[in-house]
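Me: Could you take a close look at one part of this structure, the aromatic rings and the charged side chains around them, and then set that part in the context of the chain?

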Amino acid sequence: MIRMTPIEKKTIRLSTNDEIDNYIKEQKKQYAHSYDEYLANGHTWVWCLVGNLKSEIDFGAEHEIRNDTKHFSKNTKLLLAPVQWGDGYERVVVIGTPKYSRRYIELIMAKEHIENFRMQKIYKPVLLKMMCKSEYYWWNDLEDSRKNIIKMLNYLSPEEFKKTKTDSSI
């Protein structure tokens, strides 16, 4: 499910059950609950943070060097979801094509296995459907998502941040 990430947090006071119900209905209008609903609202793409699996990954206590993980081969393009929980983005929800299949999979992996972070627009219907069906939050096509990705690039990949900063203002 592609959900809009909260931009500003504000304290609201709701005193009656009717006010609470109305507030919940208004909040639910922000979310697309299916791919068809997402398209019906005029959306055909999403901003996304993208990276590649590292070509050499350090595994285990003995620091064995491997060229892939259990699911992905080296240099696989991965779509990264926004921050889901408060771990400092150490574990990331990703979508990518596994080694032995053409179908995309979604899983959680360590950020340290990913490199070459960048921002892209995603148009593929298969990926948009997968994001809509996901139990995790994903990016959308709003300017706020774009700005949040640019802020994350500053943290993850300062050289890519400099490129995007010259393209637009934050």
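Reply: What follows begins with the chain as a whole, turns to the aromatic rings and their charged partners, and ends with other sites.

The model is a predicted one, and its secondary structure comes to 5 helices and 7 strands. Along the sequence these elements follow the pattern α-α-β-β-β-β-β-β-β-α-α-α. Of the 170 residues in the chain, 38% are buried, and the accessible surface comes to about 10800 Å², with 48% of that area belonging to carbon and sulfur atoms. Among contacts with a separation of 6 or more, 63% are between residues 24 or more positions apart.

As for the rings themselves, the structure holds 2 aromatic pairs. One of them is formed by W45 and W47, whose ring centres are 5.2 Å apart and whose planes stand at 90°, so the pair is edge-to-face. Both W45 and W47 are buried. The other pair joins W85 and Y136, with ring centres 6.1 Å apart and planes at 70°, and this geometry is therefore also edge-to-face, given that planes over 60 degrees apart are counted in that class. Because W85 belongs to the loop between β4 and β5 while Y136 belongs to the loop between α3 and α4 (143-156), the pair ties together parts that are 51 residues apart in sequence. W85 has a relative accessibility of 31% and so counts as partly exposed.

Each ring of the tryptophan pair also has a charged group over it. For W45 the group is the charged end of K121, which sits over the ring at 4.4 Å from its centre. For W47 it is the charged end of R146, which sits over the ring at 5.9 Å from its centre.

R146 then leads on to the salt bridges, of which a search of the whole structure finds 2. In one of them R146 is paired with E143, the closest N and O atoms being 2.5 Å apart. These two residues are 3 residues apart in helix α4, and so they are separated by about one helical turn. An α-helix has 3.6 residues a turn, which means that residues three or four places apart point the same way. The two partners are covered to unlike degrees: R146 is buried, with a relative accessible area of 9%, whereas E143, at 40% relative accessibility, counts as partly exposed. R146 thus appears both in this salt bridge and over the ring of W47.

The other salt bridge is between the side chains of K111 and E90, at 4.0 Å from N to O. It links distant parts of the chain, since K111 lies in the loop between β6 and β7 and E90 in the loop between β4 and β5, 21 residues apart. Here the lysine, K111, is buried at 14% relative accessibility, while E90 is partly exposed with a relative accessible area of 40%.

Turning to the wider surroundings, helix α3 (residues 125-133) has the buried residues L127, L128, M130, M131 and C132. What covers them includes the helix α2 (35-40) together with the strands β1 (46-53), β4 (77-80), β5, β6 and β7 (114-122).

Strand β1 also contains N52, which is buried, with a relative accessible area of 12%. The side chain of N52 has polar partners: one of its polar atoms lies 3.2 Å from the backbone oxygen of N75, and a polar contact of 3.0 Å joins it to the side chain of N116. Leaving aside residues up to four places away in sequence, N52 touches N75, T76, K77, H113, I114, E115, N116 and R118.

A last site is P98, in the loop between β5 (91-96) and β6 (105-110). Although P98 is in a loop, its relative accessibility is 14%, and it therefore counts as buried. Beyond residues up to four places away in sequence, P98 touches H71, F72, R103 and I105. P98 and K70 are 28 residues apart in sequence, with their C-alpha atoms 8.9 Å apart in space.

Key
Residues are numbered from 1 along each chain as its sequence is written. This is a predicted model: local features need pLDDT of at least 70, side-chain atom pairs count only at pLDDT 80 or more; totals for chains, interfaces and linings use all residues. Side-chain values use heavy atoms; hydrogens and water are left out. Helices (H or I, at least four residues) and strands (E, at least two) are DSSP runs, numbered from the N terminus. Buried means under 20% relative accessible area, exposed over 50%, partly exposed in between (1.4 Å probe, protein chains only). Contact means heavy atoms within 4.5 Å. Rings of Phe, Tyr and Trp (its six-membered ring) pair if their centres lie within 6.5 Å; planes under 30 degrees apart count as stacked, over 60 as edge-to-face and the rest as tilted. A charge sits over a ring if NZ of Lys or CZ of Arg is within 6 Å of the ring centre and within 35 degrees of the ring normal. Accessible areas come from the Shrake-Rupley method with a 1.4 Å probe; for residues, only the protein chains shown count as cover. A polar contact is a pair of N or O atoms within 3.5 Å; within protein, one must be able to donate a hydrogen and the other to accept it, and residues adjacent in sequence count only if both atoms are side-chain atoms.
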